[in-house]
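Student: I am new to this structure and would like to go through it slowly, one question at a time. Could we begin by looking at it together?

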Amino acid sequence: MDKGANLYEEAILKITQEGNWLICADNCFLVADKLFKLLKRLANRDSRNTHLLLCSRDTDWKNSEADKLTWGDYADLKIRKLRGISPEDAALVVAAWNRYGEKGLGKLEGLGLEEAKNKLVRFSKDEEAKNDSDEGAFLGAMLMTRYGDGLYSHIRDMLNRLQAVPLGTEGNLLEAFSYIVAMHSRKLYFLSKVVIAKVYNMEWGSVKKKILTPLGDEAACTVNGEMIFTRHISIAKAAWKILDEEFGVEFDKIYVDLARAALEAKRSGAFVAGLEKWRYLSKYFVEDNASLAISLDQEILRLEPFNPYVMVHLSKSYRDVEQPEQAMEMFRSIGYELRHRSLFCEWALVEAIMDNKAASVCLSAIALSDQAEEKQINVENACINLYSIAKTFFELFSQFRTEAYYQAGLAAICLGLKINNGDKNIIKLVSRYKDQIKSEKMDHKGREWLRYLEEGKDAAMGQKELDFQSWLPDLINLEYKGLLMRAGITV
């Protein structure tokens, strides 16, 4: 089905009043919202004579968020995943290939039909056992049985042909295919026509004519709705290796180009599927390519300089590669007002790592306050910040032996325990300082905990290692009504 397809809902409801009906839709993810609306209206009727058969790739179904619709609330939902190929169907496939001789059979040429059939079934089962089975076990098996070890040679020949096809003033078709390979080989299933169009500054129609149709003619790519893939994950992975090792393709640059294109397309008013995945593309590379992750975050921050979520994400990337000083410099260079609790929390952590513990406590105090942002503090944020500030208070006490830091650390633990007695980090601190909490009789002090917390913050204000910029909330007049409410303490 096409995205703009009209379901003629009223006509369907009228026609299906009598008799038994089966409504089938292939590529149904494109109109999942319309089908769901139809299903709800069908469910409101007394009759249960109409059934929907909806077909879609798993990845398309999830990327379109059709899986989040509550289908089971309005129908007896049954999900069937098609996998592999039966011996009977394999025999029919091999017989069809056999009619085209060596060109059809490929590496199966010379084998008996029974042996060829069994080989196709065996490869299909091998594909199902792989993590890539969601890509289609039959297609993967077909590639292995027809090309075998020659798959790389087949793909190399295809890449050479693509390199010889010019793409106007924009290079050649191989470069365009490299963008598709980059995403599919990493199982990143959200490359859309819109993003490719922005990469090449083309109209959508030109993308189809100049890029997708020629690639389709080479059996290099496939399009499902708005999303673009190579023909199979095995092709994507083999092509990535060849492009990297033999063609010198800079894949890191490709990922940055794509992320930039997605954000620029959004800024120009286009709908970009999977926008948040593009915005935080770096998370897919943090473990094995930290420098790329940082480059991606830096580029997104350049495009969205006022986005605190991106700042927090980039700061974490800096910490992952043990460069907290870069994060510290980024936060300290902010010259405009931001109200974002997670940003203050992350900044506090960075300052603590850089041994600016008094400044860290002050930032954690902001993160816990009502002034951090308009939205009230939630349980998770409260516990994260209370754990952080408690830990830093005790570190300050060890350094300066200031009683206010010691009392504030114990108070932060008690508040955290009151808010969520199952938080793992808070429990660690409770276990460590349990005797001290009892000896100081802090078990049930309620609002006094906040007083101790503020006294610790006030002490840190006098020792903080930097002068805060004027846009930061006033440390003297911070309020904590939201925090007290989370702790069940009367405001």
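Tutor: Before we start, a residue counts as exposed when its relative accessible area is over 50%, and as buried when that area is under 20%. Please keep in mind that this is a predicted model.

Student: Is Ser 398 buried or exposed?
Tutor: Ser 398 has its place in helix α20. Its relative accessible area is 52%, and the cut-off for this class is over 50%. Ser 398 is therefore exposed.

Student: How many Å apart in space are Ser 398 and Gly 112, C-alpha to C-alpha?
Tutor: In sequence, Ser 398 and Gly 112 are separated by 286 residues. In space, taken from C-alpha to C-alpha, the separation of these two residues is 80 Å.

Student: Thr 392 also belongs to helix α20; is Thr 392 buried or exposed?
Tutor: Helix α20, where Thr 392 has its place, covers residues 379-400. Leaving aside neighbours within four places in sequence, Thr 392 is in contact with Ala 352, Lys 357, Ser 360 and Val 361. Because its relative accessibility is 4%, Thr 392 counts as buried.

Student: Are α18 and α19 roughly parallel or roughly antiparallel?
Tutor: The two helices pack with their axes 8 Å apart and at an angle of about 165 degrees. Since angles over 145 degrees belong to this class, α18 and α19 are roughly antiparallel.

Student: Which residues of α19 are met by residues of α18, and what is the handedness of the crossing?
Tutor: α18 passes α19 in a left-handed crossing. On the α18 side, the residues involved are Arg 341, Phe 344, Cys 345, Trp 347, Ala 348, Leu 349, Glu 351 and Ala 352. Those they meet in α19 are Lys 357, Ser 360, Leu 363, Ser 364, Ile 366, Ala 367 and Leu 368.

Student: What is the phi of Asp 355, in the loop between α18 and α19?
Tutor: Most residues other than glycine have a negative phi. Asp 355, in the loop between α18 and α19, has a positive value although it is a residue other than glycine. The phi of Asp 355 is near 70 degrees.

Student: Where is Tyr 8 found, and is Tyr 8 buried or exposed?
Tutor: Tyr 8 is found in the segment before α1, and its phi is positive, near 50 degrees. With a relative accessibility of 56%, Tyr 8 counts as exposed.

Student: Which helices do the buried residues of α16 pack against?
Tutor: Helix α16 has 13 residues, 308-320, and reaches 18 Å from its first C-alpha to its last. Its buried residues include Val 310, Met 311, His 313 and Leu 314. These buried residues of α16 pack against α14, α15, α17 and α18.

Student: At the start of α16, which backbone nitrogen does a side-chain oxygen of Asn 307 reach?
Tutor: The side-chain oxygen of Asn 307 comes to within 3.0 Å of its partner at the start of α16. That partner is the backbone nitrogen of Tyr 309.

Student: Which residue shares a polar contact between side chains with Glu 299?
Tutor: Glu 299 lies in helix α15 and is buried, with a relative accessible area of 12%. Not counting residues up to four places away in sequence, Glu 299 touches Val 256 and Arg 260. The polar contact, of 2.8 Å, joins the side chain of Glu 299 to that of Arg 260.

Methods. Residues are numbered from 1 along each chain as its sequence is written. Side-chain values use heavy atoms; hydrogens and water are left out. Helices (H or I, at least four residues) and strands (E, at least two) are DSSP runs, numbered from the N terminus. The expected span of a helix is 1.5 Å times one less than its number of residues. Buried means under 20% relative accessible area, exposed over 50%, partly exposed in between (1.4 Å probe, protein chains only). Contact means heavy atoms within 4.5 Å. A polar contact is a pair of N or O atoms within 3.5 Å; within protein, one must be able to donate a hydrogen and the other to accept it, and residues adjacent in sequence count only if both atoms are side-chain atoms. Axes are lines fitted to C-alpha atoms, for helices over the stretch in contact, and angles run from 0 to 180 degrees between N-to-C directions. Angles under 35 degrees count as roughly parallel, over 145 as roughly antiparallel, 65 to 115 as roughly perpendicular and the rest as oblique. A crossing is left-handed if the near helix is turned anticlockwise from the far one by less than a right angle, and right-handed if clockwise.
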